[in-house]
Amino acid sequence: MWRREAGTAVRRVVRVPERAVASGHTGSPFAILAGSQIPSVPTEWVPHAHDLHELVWVRGGTLTSRVEDRVLTVSEGHGLWMPAGVVHGGRTTAGVEFHSAFFAPDRTPVAFGSPTAITMTPVLESLLTHLARTDLDAGARARAEAVVFDVLRPSERQFALRLPGDPRIDPIAETLLDDPADPRSLDGWARTLGISDRTIARAFRRTTGLSFAQWRQMLRAHHALTLLSEGLDVRDVSDSLGYAQPSTFIAAFRRVMGTTPGAFFGETGGAVGAVGAGRAGGAPDGVRNPASGVQNS
């Protein structure tokens, strides 16, 4: 995925709530089990799968996940649904509020057949926070779970970046994932790799459905979500991604996301301001990089 931060803790799996393990899912009164944590260091989960469906979301940052040939990035206001049995890895930065909810497949009436971005409305997030309690009786839990299934909806924006998976151009993808600001043009990469620029252009179009320029623009927009969620202002993000000036970055972000960075994070409850706005204030305890002034439900 992206360049790994220094001091990253690598874990084998996201912890499944003990109640789900103990019940073995058979005859369990629980359809949804939720919990949260705030990793004190950058955290990466190696590829793994669960017997349960999983919904993850974050506050104060972004979550990046890798599923086969796709990199998925979700920011505050969105979650990521991972169907049972799908092998995936993930990464968050330090101090992010990391939330997860596990859904028993045989008791979940909604179906998303592949990893899907979910709109984390205040109602949905509040319900899942409510279901994280351990003192709910069966009736209260069943009522809350029924409403969750009513309000669980996919996001209008699916934040998936398809990787080429072609050995001729994979070095380009690997370099840009590590350094999105790499300025080499199609001609420059052709000289570096010793192949023609037409070969590179055709390979990108065939494997990703995008031109090289479009794919790099989308990759930079994905990385911008992480940087903006961490509190960097537009000018700093523009510089770190290799744009000559902030207006160029804003225009490129709009082409990919359909809106400007400020408007996007306004829609999702974020606090990204104009150039020079600086970091957002009012962080909840233990959260390093608030993207919203909204406290936990």
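Begin by selecting Asp 166, which has a relative accessibility of 5% and therefore counts as buried, the cut-off being under 20%. Bear in mind throughout the tour that this is a predicted model.

Keep Asp 166 on screen and add Arg 206, since the side chains of these two residues meet in a salt bridge with a distance of 2.7 Å from N to O. Arg 206 belongs to helix α6 (residues 197–208), while Asp 166 sits in the loop between β11 and α4 (170–178), so that the pair links distant parts of the chain, 40 residues apart. In contrast to its buried partner, Arg 206 counts as exposed, at 57% relative accessibility.

Next, select Asp 69 and Arg 162, which form a salt bridge whose closest N and O atoms are 2.8 Å apart. Here too distant parts of the chain are linked, with Asp 69 in the loop between β5 (62–67) and β6 and Arg 162 in strand β11 (residues 160–162), 93 residues apart. Asp 69 is partly exposed, with a relative accessible area of 27%, and Arg 162 is likewise partly exposed, at 36%.

Now move to Glu 76 and Arg 59, whose side chains meet in a salt bridge of 3.1 Å, N to O. Because Glu 76 lies in the loop between β6 (70–75) and β7 (78–82) and Arg 59 in strand β4 (residues 53–59), the pair ties together parts that are 17 residues apart in sequence. Glu 76 counts as buried at 6% relative accessibility, and Arg 59 counts as buried at 9%.

Finally, add Glu 125 to this selection, as Arg 59, Glu 76 and Glu 125 are linked in a network of salt bridges. Across the whole structure, a search finds nine salt bridges.

Technical notes: Residues are numbered from 1 along each chain as its sequence is written. This is a predicted model: local features need pLDDT of at least 70, side-chain atom pairs count only at pLDDT 80 or more; totals for chains, interfaces and linings use all residues. Side-chain values use heavy atoms; hydrogens and water are left out. A salt bridge is a side-chain nitrogen of Lys or Arg within 4 Å of a carboxyl oxygen of Asp or Glu. Helices (H or I, at least four residues) and strands (E, at least two) are DSSP runs, numbered from the N terminus. Buried means under 20% relative accessible area, exposed over 50%, partly exposed in between (1.4 Å probe, protein chains only).
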